[in-house]
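User: I would like to go through the structure below one question at a time. Please explain each term when it comes up.

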Amino acid sequence: MRVLLIGANGYLGRFVADRLLADPAVQLTALGRGDDADVRFDLATGSPGALTRFLDAVHPGVVVNCAGATRGGARELTRHNTVAVATVCEALRRSGCGARLVQLGCGSEYGPSQPGSSTAEDAVPRPGGPYGVSKLAATELVLGSGLDAVVLRVFSPAGPGTPAGSPLGRLAEAMRRAMQAGDGELKLGGLGVQRDFVDVRDVARAVHAASLSAAQGVINIGSGRAVRLRDAAAVLARVAGYGGALHELDGPPGPLRPAIGHPRGDSDHTPPVAYPYPDGCGSWQQADVRTARDRLGWRPRINLEESLADIWMEAACRI
């Protein structure tokens with residue numbers, strides 16, 4: 001099976017590439033903006049015609065799109081998450097390869113949900129920020145393309161490679177600094193939110209399964225269990241061997257500084273501010289993952305403690 005992987009150097013793409021390369025039946029070609037891609041191509045600026053010519057030459061049976069942006073303004077997010085997917089869909093429509101498309105979406109497309117509920121694929125999406133809007137627009141393009149396509153809505157990915165700027169990454173970095181400084185207490189804010197964390201290696205397994213399946217439409221990929229961020233912080237402290245006290249900061253939402261890892265010093269004399277989790281999904285999100293089980297034969301295998309241990313291992317090695 002020939003697979004064209006777009007975004008192989010990204011956070012999720014690296015693990016998807018590893019998973020696909022481990023399958024001896026897969027012949028993988030990586031397309032991206034980096035120098036180490038097999039083919040250099042920028043979806044945000046490249047034309048559908050140029051991509052079509054490449055598809056006709058390689059003739060993949062599956063195209064997996066892991067490319068996209070998680071940060072930036074609305075214009076940048078739209079260019080990398082929506083316009084890029086429009087280019088992929090149009091190129092596949094023009095091409096004679098007849099490839100199946102596996103598109104990586106995200107749980108942010110749903111927006112806030114009722115605490116205690118599980119979000120199924122038939123929920124009406126109401127994204128709470130420009131990132132979720134740009135990803136939802138991409139999903140709608142894929143679903144309306146007429147292609148053989150499936151969108152995997154990945155909830156909150158965790159595990160090795162977690163970006164240092166993400167909530168879990170900032171949490172690990174704050175703990176590393178506290179341990180390095182011999183701090184007996186760590187002040188953290190914004191830990192009241194609950195999210196459905198799923199390990200990136202389990203996400204890669206889901207992509208592999210979707211590539212081999214005939215499933216179409218939207219499929220949630222998550223653990224099926226919401227975890228409070230303060231509980232994740234306690235687990236991280238345990239795996240890190242941090243014996244200090246964790247003090248949670250509470251306060252009204254604010255847009256200016258990250259919630260996690262409130263710095264000590266003069267700023268401790270001002271009222272702390274707790275900031276919302278940056279995905280626009282409010283205080284609660286939990287995936288209903290029955291469709292992934294039924295249509296892909298997929299279940300998450302890696303628990304959050306293992307994911308956090310890998311995040312900590314990378315943070316601890318950071319100089």
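Analyst: Contact means that heavy atoms lie within 4.5 Å. Helices (H or I, at least four residues) and strands (E, at least two) are DSSP runs, numbered from the N terminus. This is a predicted model, in which local features need pLDDT (the predictor's confidence in each residue, from 0 to 100) of at least 70 and side-chain atom pairs count only at pLDDT 80 or more, while totals for chains, interfaces and linings use all residues. Residues are numbered from 1 along each chain as its sequence is written, and side-chain values use heavy atoms, with hydrogens and water left out.

User: What pLDDT does the protein average?

Analyst: A pLDDT of at least 70 is reached by 91% of the residues. The score stays under 50 over residues 251-259, where the model has 22 contacts beyond four places in sequence. It also stays under 50 over residues 261-275, with 32 such contacts. The average for the protein is a pLDDT of 91.

User: How many bridges join strand 1 and strand 2?

Analyst: Two strands pair if DSSP finds at least two bridges between them. One such bridge links Arg2 to Gln27 in strand 2. The chain goes from strand 1 (residues 2-6) through helix 1 (residues 11-21) to strand 2 in a right-handed β-α-β crossover (clockwise from the first strand over the helix to the second, with the strands pointing away from the viewer). The two strands pair in the parallel sense, and the number of bridges is 5.

User: Which residue of strand 3 is the bridge partner of Gly32?

Analyst: Strand 2 (residues 27-32) has 5 of its 6 residues buried (under 20% relative accessible area with a 1.4 Å probe, protein chains only; exposed is over 50%, partly exposed in between). Strand 2 pairs with strand 3 (residues 39-40) in the parallel sense, over 2 bridges. The partner of Gly32 in strand 3 is Arg40.

User: How many of the residues of strand 5 are buried?

Analyst: Arg100, Val102, Leu104 and Cys106 point one way from strand 5, while Leu101, Gln103 and Gly105 point the other way. Both sets are buried. For strand 5 (residues 100-106) the count is 7 of 7.

User: Which residue of strand 6 stands opposite Leu104?

Analyst: Strand 5 runs parallel to strand 4 (residues 62-65) over 4 bridges, with Val63 opposite Leu101. Strand 5 also runs parallel to strand 6 (residues 149-154), over 6 bridges. With helix 4 (residues 130-143), strands 5 and 6 make a right-handed β-α-β unit. Opposite Leu104 in strand 6 is Leu152.

User: What is the distance between the end C-alpha atoms of helix 4?

Analyst: The expected span of a helix is 1.5 Å times one less than its number of residues. Helix 4 has 14 residues, so it should span 20 Å. The distance between its end C-alpha atoms agrees with this, at 20 Å.

User: Which strands are included in what covers the buried residues of helix 4?

Analyst: The buried residues of helix 4 are Gly132, Ser134, Lys135, Leu136, Ala138, Thr139 and Val142. Their cover includes helix 3. It also includes strand 5, strand 6 and strand 11 (217-221).

User: Which helix gives the largest share of the largest nonpolar core?

Analyst: A nonpolar core is a set of buried Ala, Val, Leu, Ile, Met, Phe, Trp, Tyr and Cys residues joined through side-chain atoms within 4.5 Å. The largest one has 34 residues, and Val64, Leu152, Ile221 and Leu296 touch the most other members. The largest share, 7 residues, comes from helix 6 (residues 200-212).

User: How many residues does the other core have?

Analyst: In soluble globular proteins, nonpolar side chains tend to be buried together. Apart from the largest core lies another, with Leu4, Val63, Ala91 and Ala99 among its members. Its number of residues is 29.

User: Which residue follows helix 7?

Analyst: Helix 7 (residues 229-240) has 12 residues and should span 16 Å, and its end C-alpha atoms are indeed 16 Å apart. Its buried residues include Leu229, Ala233 and Ala240. They pack against helix 5 (167-181) and helix 9 (304-316), among other elements. The residue that follows helix 7 has a positive phi, near 75°, and is Gly241.

User: What is the relative accessible area of Ala315?

Analyst: Ala315 lies in helix 9. Leaving aside neighbours within four places in sequence, Ala315 is in contact with Ala172 and Arg176. Ala315 counts as buried because its relative accessible area is 1%.
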